[in-house]
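Colleague: Could we go through this model together, question by question? I would like each reply to set out its reasoning before it settles on a value or a name.

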Amino acid sequence: MQGQIIKISSNRHVVNSNGIIYNTIPRGKFRKDKIIPKVGDYVVFNDKSLVIEEILPRKNTFNRPMVSNIDRAFIITSLVNPDFSLGLLDKFIAHMELNDIDIVICLTKTDLISEESLEKIKEVMVYYNNIGYIVLTNNDIDKIKGLIKDKTVVFIGQTGAGKSTLLNKLNPAWNLKTGEVSLALGRGRHTTRNVELYDFLDGKVLDTPGFSALDFSIYKKEDIKYAFREFSNYNCPFRDCTHTKEQECMIRKAVDDVEILKSRYESYLKFYEEAIK
Ligand SMILES: Nc1nc2c(ncn2[C@@H]2O[C@H](COP(=O)(O)OP(=O)(O)OP(=O)(O)O)[C@@H](O)[C@H]2O)c(=O)[nH]1
Ligand SMILES: [Mg+2]
Ligand SMILES: [Zn+2]
């Protein structure tokens, strides 16, 4: 039988096969071969022994969050509690760009900040929109539905950002647990504990536990520039320009000319530093 893993909780791998749910476990050999089944994986399993025998080829796969076969990521970004951070936003964007995942930025808690602060953030978001990202808020329900249709979409973001809350807005019947942020942040507690995949509008949505630590040490320094899509508009005189200290660097000039957002460039330098040679 074939199916898709929709939830993993301890060793219970819940597989959906044509709408029928099976509680399976992976075969022992996976552990030995260091193969880790993830939510979103298509698998071959035995419906008598309920053992997953094979993971079918993946379109892509991630360890943070642990998911496979993703078309699009919604970066759920709260404006307050937890506080808005451009550095963190760039981190999520870069990670997804480096894996060729389509990105949507979704702002939450716009109702909790002053008009004035909201205007400032919106101004910065115009920049992100101009470089090609869809930016919306968790009130744009129809637009969000349109972006999920026929796709497999993962919601990522810090704990307390409002991922599960948004899923409940999309379909109240899911009735997902949502949490008090002050408690969650203070104690490092996550309300959502397991990745879970839901069918929605001929598409699929994955809720994930929040995280903010992302490591760039798995990437090569020379690849970090591809995480910043606006950089491709500039040609530096040195073909191997690292955009870090070269005098003639067109990226550095664009930052000085306020064409490239300074915080974006600072994020670049930070990730470049973290990446391996
Ligand atoms: N005022 C306001 N509160 C929100 C909004 N979105 C989420 N919240 C609240 O923020 C808290 C955290 O929301 P969750 O949906 O549990 O956050 P999460 O991203 O799923 O968090 P984890 O599961 O821990 O990763 C809850 O108390 C929500 O009610 C919003 O747009 N406005
Ligand atoms: Mg949640
Ligand atoms: Zn350069």
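Colleague: How many residues of domain 2 are in contact with domain 1?

Modeller: This is a predicted model, in which local features need pLDDT of at least 70 and side-chain atom pairs count only at pLDDT 80 or more, while totals for chains, interfaces and linings use all residues. Residues are numbered from 1 along each chain as its sequence is written, and chains are lettered from A and ligands numbered from 1 in the order in which they are written. The domain assignment, which comes from an automatic or database source, places domain 1 at 2-57 and domain 2 at 62-207. Taking two residues to be in contact if their C-beta atoms, placed from the backbone, lie within 7 Å, eight residues of domain 1 meet domain 2 residues numbering eleven.

Colleague: Which helix gives the most residues to the shell around ligand 1?

Modeller: The shell holds 23 residues, with Gly162, Thr165, Thr178, Thr192 and Gly210 the closest, where a residue is near a molecule if its C-beta atom, placed from the backbone, lies within 6 Å of it. Helices (H or I, at least four residues) and strands (E, at least two) are DSSP runs numbered from the N terminus, and at least two shell residues come from each of helix 5 (163-170) and helix 6 (181-187). The largest contribution is three residues, and it comes from helix 5.

Colleague: Which residue of strand 9 stands opposite Val135?

Modeller: Val135 belongs to strand 10 (residues 134-137), where Val135 and Thr137 point to one face and are buried, whereas Ile134 and Leu136 point to the other and are not; buried requires 20 or more other C-beta atoms within 10 Å of a residue's own, all placed from the backbone. Strand 10 pairs in the parallel sense with strand 9 (residues 102-108) over four bridges, pairing being assigned if DSSP finds at least two bridges. Opposite Val135 stands Ile105.

Colleague: Why is Phe211 classed as partly exposed?

Modeller: Phe211 lies in the loop between strand 13 (203-207) and helix 7 (250-256), and, leaving aside neighbours within four places in sequence, Phe211 is in contact with Arg64 and Pro65. A residue counts as exposed with 12 or fewer other C-beta atoms within 10 Å, and as partly exposed between that limit and the buried one. Phe211 is partly exposed because the number of other C-beta atoms within 10 Å is 14.
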